[in-house]
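Me: I am new to this structure and should like to understand the reasoning behind the terms applied to it. Please take my questions in turn.

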Amino acid sequence: MPKTSARLLSLLSLLQARRDWPGALLAERLDISPRTVRRDVDRLRELGYPIVAFKGPEGGYRLDAGTDLPPLLFDDEQAVALAVALQIATTTGAGIEEAAARALTTVRQVMPGRLRRRIDMLQVTAVGRSAARPGSQVDSGVLMALGAAVHAREVLRFDYASPPGAGDDDPAMRAPRRTQPHHLVTWGGRWYLVAWDLDREDWRTFRADRINPRVPTGPRFTPRELPGGDVAAFVAGRFRGSDGSGSSGDWPCLGEVILDLPAAEVSRYSRDGVVEELGPDRCRLVLGSWSWAGLAADIGRFDADIEVVGPAELRDAFAQLARRYANAAAGPLGQKCQ
């Protein structure tokens, strides 16, 4: 018979592996008597593990939820997965970065050397947010409240902060939003709530860092069918300026140009654009954006001569940018282009 400490660890590992364990099966797996199983269960309870006994033809035990989190056991693959997930959690912007880093240190300290070497080979570096996107940190309590409302399918009321420079004097901006929350998602390093806006009777995506939930939540609701049925496609479509239904993946502004660059080089930087090779150093690019000026600026990143195929709006946008760039090059004392 193994020593008591080793036997308790084996028993705990089995109880974590499945929900219900008949007492006779536990005794068989541990090669001990049912009476010893009962004594070991009592020892684990004294250590804080909430093990409950259930009645039935055979009777058995279940590791239940308690008021405190007791020590847990993980197999090798679970331990590695947990360490990797904790590394990623330090980059999510969910307000749990410090706690995730401390948890990762704790897990790593108790890992066997062979596992520690495996996770040390995979290091995730958290890159700070650019100055163009400040203040996107989300309080973890807000995320928990949003996730709970999504899970419970309960109407959620919240105050929604206006973006910088928006009209805060508009009473509509100060009124609490009433929504049916459906999905909590991340996009571009930010958290968003996808919800049906009850007052506007339309789907909306709300930045979680601007949400201040109100309590209590409202009545339960029957989930609606998201346009297109795919939340990833819906969110991507909304950020492209479409209705997110998935019926069209095009941006609201779609243009075509010919660049004096190899197709292979343009393909590396054209995101979801369509590149067609026209020769060794010439290609056709079809690209989309949220505005014509934005599309012209995106294409202007390529250091090459540009021939606009169409439409006219794209050609006008290039002309507008050309005037702006010429004025910027002239400086404050220069003559502005007419």
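Me: What makes the contact between the side chains of Arg 204 and Asp 202 a salt bridge?

Reply: The model is a predicted one. In it, the N to O distance between the side chains of Arg 204 and Asp 202 is 3.0 Å. A salt bridge requires a side-chain nitrogen of Lys or Arg within 4 Å of a carboxyl oxygen of Asp or Glu, so the pair qualifies.

Me: Why is Arg 204 called partly exposed?

Reply: The relative accessible area of Arg 204 is 26%. Partly exposed covers the range between the cut-offs of 20% and 50%, so Arg 204 belongs there. Asp 202, with 30%, is partly exposed as well.

Me: How do you know that Arg 62 and Asp 20 form a salt bridge?

Reply: Their side chains meet at 2.6 Å, N to O, and the limit is 4 Å. Arg 62 lies in strand β3 and Asp 20 in strand β1, so the pair ties together parts that are 42 residues apart in sequence.

Me: Is Arg 62 buried or exposed, and what makes it so?

Reply: Arg 62 has 18% relative accessibility. Buried means under 20%, therefore Arg 62 counts as buried. Asp 20, at 27%, counts as partly exposed.

Me: What makes Asp 209 and Arg 207 a salt bridge?

Reply: The closest N and O atoms of Asp 209 and Arg 207 are 2.7 Å apart, and the cut-off is 4 Å. Arg 207 is buried at 12% relative accessibility, whereas Asp 209 is partly exposed at 21%.

Key. Residues numbered from 1 in each chain as written. Predicted model: local features only at pLDDT ≥ 70, side-chain atom pairs only at ≥ 80, totals over all residues. Heavy atoms only, no water. Helix = DSSP H or I, 4+ residues; strand = E, 2+ residues; numbered from the N terminus. Buried < 20%, exposed > 50% of the residue type's maximum accessible area, 1.4 Å probe, protein only.
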